[in-house]
Protein chains: 4
Amino acid sequence: MSSSFGHAFRIHTFGESHGGGVGVIIDGVPPRVPLTLEDIQHELDRRRPGQSEIVTPRKEADKAEILSGLIDGQTLGTPIAVVVRNEDQRPGAYDEMAVKYRPSHADYTYDAKFGIRALSGGGRASARETIGRVAGAAVAKKVLDHLCPGIEVLAWVKSIHDLNATVDPLSVTAEQIEGNIVRTGDPAMVEPMIERIKEVRGEGNSVGGVVECVIRGCPPGLGEPVFDKLEAELAKAMLSLPATKGFEIGSGFAGTLLTGKEHNDPFRMVEGKVRTTSNRSGGIQGGISNGENIVFRVAFKPTATIMTSQETVTNTGENTELAGRGRHDACVLPRAVPMVEAMAVLVVCDHLLRQRGQVGGFPAPDA
Amino acid sequence: MSSSFGHAFRIHTFGESHGGGVGVIIDGVPPRVPLTLEDIQHELDRRRPGQSEIVTPRKEADKAEILSGLIDGQTLGTPIAVVVRNEDQRPGAYDEMAVKYRPSHADYTYDAKFGIRALSGGGRASARETIGRVAGAAVAKKVLDHLCPGIEVLAWVKSIHDLNATVDPLSVTAEQIEGNIVRTGDPAMVEPMIERIKEVRGEGNSVGGVVECVIRGCPPGLGEPVFDKLEAELAKAMLSLPATKGFEIGSGFAGTLLTGKEHNDPFRMVEGKVRTTSNRSGGIQGGISNGENIVFRVAFKPTATIMTSQETVTNTGENTELAGRGRHDACVLPRAVPMVEAMAVLVVCDHLLRQRGQVGGFPAPDA
Amino acid sequence: MSSSFGHAFRIHTFGESHGGGVGVIIDGVPPRVPLTLEDIQHELDRRRPGQSEIVTPRKEADKAEILSGLIDGQTLGTPIAVVVRNEDQRPGAYDEMAVKYRPSHADYTYDAKFGIRALSGGGRASARETIGRVAGAAVAKKVLDHLCPGIEVLAWVKSIHDLNATVDPLSVTAEQIEGNIVRTGDPAMVEPMIERIKEVRGEGNSVGGVVECVIRGCPPGLGEPVFDKLEAELAKAMLSLPATKGFEIGSGFAGTLLTGKEHNDPFRMVEGKVRTTSNRSGGIQGGISNGENIVFRVAFKPTATIMTSQETVTNTGENTELAGRGRHDACVLPRAVPMVEAMAVLVVCDHLLRQRGQVGGFPAPDA
Amino acid sequence: MSSSFGHAFRIHTFGESHGGGVGVIIDGVPPRVPLTLEDIQHELDRRRPGQSEIVTPRKEADKAEILSGLIDGQTLGTPIAVVVRNEDQRPGAYDEMAVKYRPSHADYTYDAKFGIRALSGGGRASARETIGRVAGAAVAKKVLDHLCPGIEVLAWVKSIHDLNATVDPLSVTAEQIEGNIVRTGDPAMVEPMIERIKEVRGEGNSVGGVVECVIRGCPPGLGEPVFDKLEAELAKAMLSLPATKGFEIGSGFAGTLLTGKEHNDPFRMVEGKVRTTSNRSGGIQGGISNGENIVFRVAFKPTATIMTSQETVTNTGENTELAGRGRHDACVLPRAVPMVEAMAVLVVCDHLLRQRGQVGGFPAPDA
């Protein structure tokens, strides 16, 4: 069970959906970075259930507390611990789960791995686990602002089911994304997407989709070949989020339909900087950022919790059926947006510090 | 610069395309595993240039030498070092590269990161770097055979450019794949793919494609939530390979077009085992293997080296053009197959040992 | 700032003497190990201030809370988080510390490292930091009991100032040690040691001493050459404790006065087992446990806090004097005993799981 | 089996005394650091057998080869691989070792751990293993010279058996130490120590001793509390060397005989810098360097190989005797000096890069 992510900037998370709470220790934080509880709470509120009419109706306040590593609004350089108490445990709602494995959830695999599992609420496989990540990333974002101002990480809903948004990664703004409850950057798709979510929810069904993310203003030189290439770290970060099934960067899978002549990004000097005139590389070449926008996409499967009877087995090896009931989140995409941003911010922050450690700056000081 | 991959079973690679050689240290190898030099050489030969008429014509023998960790055909439990000498360095062929950044290669980004780079042959960003990975995986494969017989990792070319192979991950055999120089499992696509590669090569152009991979016989219980989920580790492993642009597992990106009712995998008891009657999960649920086939796909972009003049810049910041010339590999896909397999084997072997360390077996002993 | 210790069994600690609290995340815990809050609280009570008349009179309840990783008295295999709230912060007592560096404390070096520091109570350099270690070790102890019953880790005060205890590592019992407030295993030295501590405390002075520790029942085969040799890991573990100045194992520094003929430990078969007839090796040979008692000693310097005026400088670079006042712990040795035990337990537990991961058991299954 | 040391500056070693060779991969090396093969060979020659009349007479050339990571005398920032071929294997000389465990060697414990071992020459437990460390440290030394000129690491023989050298850590020079084959800094003890070694060798016996080491010019701020305190890392580094039994820093074990008033180091401003007027702390406070000389001592036991018949057991569990014969190194101390320096250099270099990564400089930029 590995609860740690990152090397130089490193988070350790804990917590099940049951039990006292969830949280994170953030280690390797540079000292004297301005930080407030509000910085963290703001990001937690973006991933919180119950924030709009199209996400899970669970009411969880998700109030964060900082236990260490901070003095007078500045980081000490020592580990920062953040704890969020569990409130809405409702163990009674999950009785059936104690014996029946929910299809396409992690009930069976946790049993297969550990021979024991938290019986209520999904345990460690709950989306609640991402609270620690988002809190950690809120600190990472402050570090980026402090050490390398101008880096901006923005994610949005690119598609829900077969509804595709048209969003320009160069120009889309946080306001455009946060200005609608779906968190898509395409005004024309806001209503259709909301309707689709309500529709499948009404049917006790669910949908998935794609989140797209851009990292703007990333300096050239980040990424650690050969195994910790920047895109490899982003891929791992994204596939570690619950419900993800795919990751692609730049031209992605569609890039395999181009020839080399069509795909290569020519270099040109622009305002004294090495730039590419196209960006099929997605801002990373040879595992290292090239100064262009880093653009990637993450596939989220439809939510496994549905309100229909399904075939399954018991933990004692008998075929049975699981009835649908209770609350469910018919589409995780709007809440996945801050999670994707969080993981991207953690990767960039970690690599910024790693690059500073080995080379002294970003890009290399006299490169 | 991170040259290490894995936690319990861990490889450290080194080497540029210039210099004395490339290789790997493999640490954490269980003792008393049968191993011969031939086991390693066999896998290296599969990734070697010049092995057929459709891959790069460079002649490299890639002869491996084992320097440590072995006695009388058995592993000692101590680090195994494998070295492969560089032979065909031809620094003269790359003079232009010393000053001009090749588009969509890593020349510029290595300079931006380090302020220095190997000027000949791509340096550490060369595909030659994967020799160490393949040698490490050859050892890992022997460990799997020893500790958990029956695990089989097979990859094949799923598509080249717009040519798609039809391959059944359940039944495809190593013989079917290795029986043709494209390494696709679909007999009907062998000739069209060979023709396409020859065609684009004749035009000085290049193509990419998709490699698909199956891990059969993987026991339930492997994978370390929440950050080292099995699919997250596979995603990182694959995106760390040169020229990769995407990873998807199970239903992947196409899965976002399904509803939850369509996507969920029902559980049934089959011969006393918990099985799923479909496999859109791709063999992993909640980051942990569920005993079904693990199926994933990796996108490789078209080779960046093309035989056409391209716009680029010099390392002193002037616009220029780079003429096409020399040898080039018009399609990396056939040689990417053993690389994808190698990375998958490394991930599975590492997680097998991690699971044994924490839990004692796979699946959990009395689960 | 590295808050993590261990590889397979891994703890991450946090917390300053000021702020909300201190604690630990314990990761890599095997599943289904019996564990209660009382197991942890019991060990915390042994290191707690105010437990007897010869330790610091601060009253801290040090009440632990488990936030995750546990269900129905069994570990889940997921991270266990333990939090202890800070109560007695008394920032007012430390005003002078905000500007004057206390001699032989960490005030100056934290400023030199981070350019900022917690101004009250020693911050992260406070002995309070060890709470997380002790809580983590309480869990490790349960894991040892579960996986490898019979391992016993006992430490005692070997010397205080120039007073030396005579204790037999083979036969000393926990009752003998815990039966006196000094925690020495030599009844004859209890009163002299108590008197010495009271005496120096009366003078506003302090004393140090040596803690000796034995690990009994450790199976052969633990330790990971060449860098993670068992004695190397123990040395690091002990020198990471506050106020430590030395570590020696087996014959230690005195062993340099023997010749090889005098020092070597002959092997003999005893009841079917390979044993040594002497133990100058201290239970470890070549970095790996040999099945004999592991015996080592740790030097603790006299407490830096004394009640005398001392020469020092301010954080703005002026010579000054620091007056002695307030509470002080004239001798840390009695409370160091559970800390030494805790670090030893953490090392053994980590290596037990690492050995199981690589080799499958302890000693090697068919060795 | 852990062959890796360091975090930001990291070495991975391999190799037994039998087999093709030994060596190291050095990862995390800053780019553009001047480095030649001669830099490495020079340090290897200092640890080489056969260099003088008082060390083991084995003739090993220990010729290093650099395989990667270097171009035109500058580091590339990529892994540097160094290989040294084995020459003098003489497997015949060790036949008896195949069945009889040598007392106080690692033969038995390697068997207990792995169920297999290299039968000739000590395998991985051979002193030959330190070649990779010394080569790695030669690179680290160049990094220190480049990034933080003025750091000087010097070790010397402090004692052999009961012969004690008087050496001033502040003023002793490399020339004084290297100017005699014992490598002690006390001219008066050179001849007595040489005589003692020859004397015990003549008796087929062996002696141990203490190596002392100073790190001069280390900037304040290095060390990563709470587990990677600088003294904890040094302790681990030293105890990972073969034949070591103890480590102490500053006042060490003798410091336990002082009171706090006697032990504390007063601070004074000297030439605008915070200095201590005594150095019982040994240059480290709270786990972080304070700018004073870092002084520590390492105990080496008498060599286990002696020319006398000894009681032992066979690997099949029978009591027997092992006859003394062959070559032996009656005292490892002269050759231990460069090994101690090597490990100290590796620790300082790693922490320099870690500090630069987290904080940006040493000491903290505007501290």
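The following legends describe close-up views of a predicted model.

**View 1. The interface of chain A and chain B.** The contact draws 111 residues from chain A and 111 residues from chain B. About 8,500 Å² is buried between the two chains, and carbon and sulfur atoms give 60% of this area. On the chain A side, the residues that lose the most area to chain B are A:Lys113, A:Phe227 and A:Lys245, which together account for 11% of what that side buries. Eight salt bridges are counted between chain A and chain B. One of them links B:Lys236 to A:Asp228, with the closest N and O atoms 2.7 Å apart. Across this interface there are also 59 residue pairs in polar contact, both residues having pLDDT 80 or more. Helix H2 (residues 107-114) of chain A provides the largest share of the side that touches chain B, namely seven residues. By residue class, that side of chain A comprises 45 nonpolar, 41 polar and 25 charged residues.

**View 2. The open sheet that includes strands of chain A and chain B.** Ten strands form this open sheet, and their pairing is antiparallel. Their order is E9(A)-E8(A)-E10(A)-E16(A)-E11(A)-E11(B)-E16(B)-E10(B)-E8(B)-E9(B). The edges are occupied by strand E9 (163-164) of chain A and strand E9 (163-164) of chain B; each has a single partner strand, so one side of each is left without a neighbour in the sheet. Where the two chains meet, strand E11 (residues 244-249) of chain A and strand E11 (residues 244-249) of chain B pair in the antiparallel sense through three bridges. Within this pairing, A:Gly246 has B:Glu248 in E11(B) as its bridge partner. At the chain B edge, strand E8 (residues 152-160) runs antiparallel to E9(B) and is joined to it by two bridges. There, B:Ile160 has B:Leu163 as its bridge partner.

**View 3. Helix H2 of chain B and its surroundings.** Helix H2 (residues 107-114) of chain B is largely enclosed by the rest of the structure, because eight of its eight residues are buried. The buried residues are B:Asp107, B:Tyr108, B:Thr109, B:Tyr110, B:Asp111, B:Ala112, B:Lys113 and B:Phe114. Their cover includes elements of chain A: strands E12 (267-270), E13 (273-276), E14 (284-285) and E15 (288-289), together with helix H8 (333-359). After H2(B) comes B:Gly115, which has a positive phi near 70°.

**View 4. The interface of chain D and chain C.** In this pair, 111 residues of chain D are in contact with 111 residues of chain C. The area buried between the chains is about 8,500 Å², with 60% of it on carbon and sulfur atoms. D:Lys113, D:Phe227 and D:Lys245 contribute 10% of the area that chain D buries against chain C, more than any other three residues. The interface holds eight salt bridges, including that between C:Asp228 and D:Lys236, whose closest N and O atoms are 2.7 Å apart. Polar contacts are counted for 59 residue pairs between chain D and chain C, both residues at pLDDT 80 or more. Helix H2 (residues 107-114) of chain D supplies seven residues, the largest share of the side that touches chain C. That side of chain D consists of 45 nonpolar, 41 polar and 25 charged residues.

**View 5. The strand pairing between chain C and chain D.** Strand E11 (residues 244-249) of chain C and strand E11 (residues 244-249) of chain D run antiparallel and are joined by three bridges. In this pairing, C:Phe247 has D:Phe247 of E11(D) as its bridge partner.

Conventions:
Residues numbered from 1 in each chain as written. Chains lettered and ligands numbered in written order. Predicted model: local features only at pLDDT ≥ 70, side-chain atom pairs only at ≥ 80, totals over all residues. Heavy atoms only, no water. Contact = heavy atoms within 4.5 Å. Buried area = accessible area lost by both parts, 1.4 Å probe. Salt bridge = Lys/Arg side-chain N within 4 Å of Asp/Glu carboxyl O. Polar contact = N/O pair within 3.5 Å; in protein donor to acceptor, adjacent residues only side chain to side chain. Helix = DSSP H or I, 4+ residues; strand = E, 2+ residues; numbered from the N terminus. Nonpolar A, V, L, I, M, F, W, Y, C, P; charged D, E, K, R; others polar. Pairing = 2+ DSSP bridges. Buried < 20%, exposed > 50% of the residue type's maximum accessible area, 1.4 Å probe, protein only.
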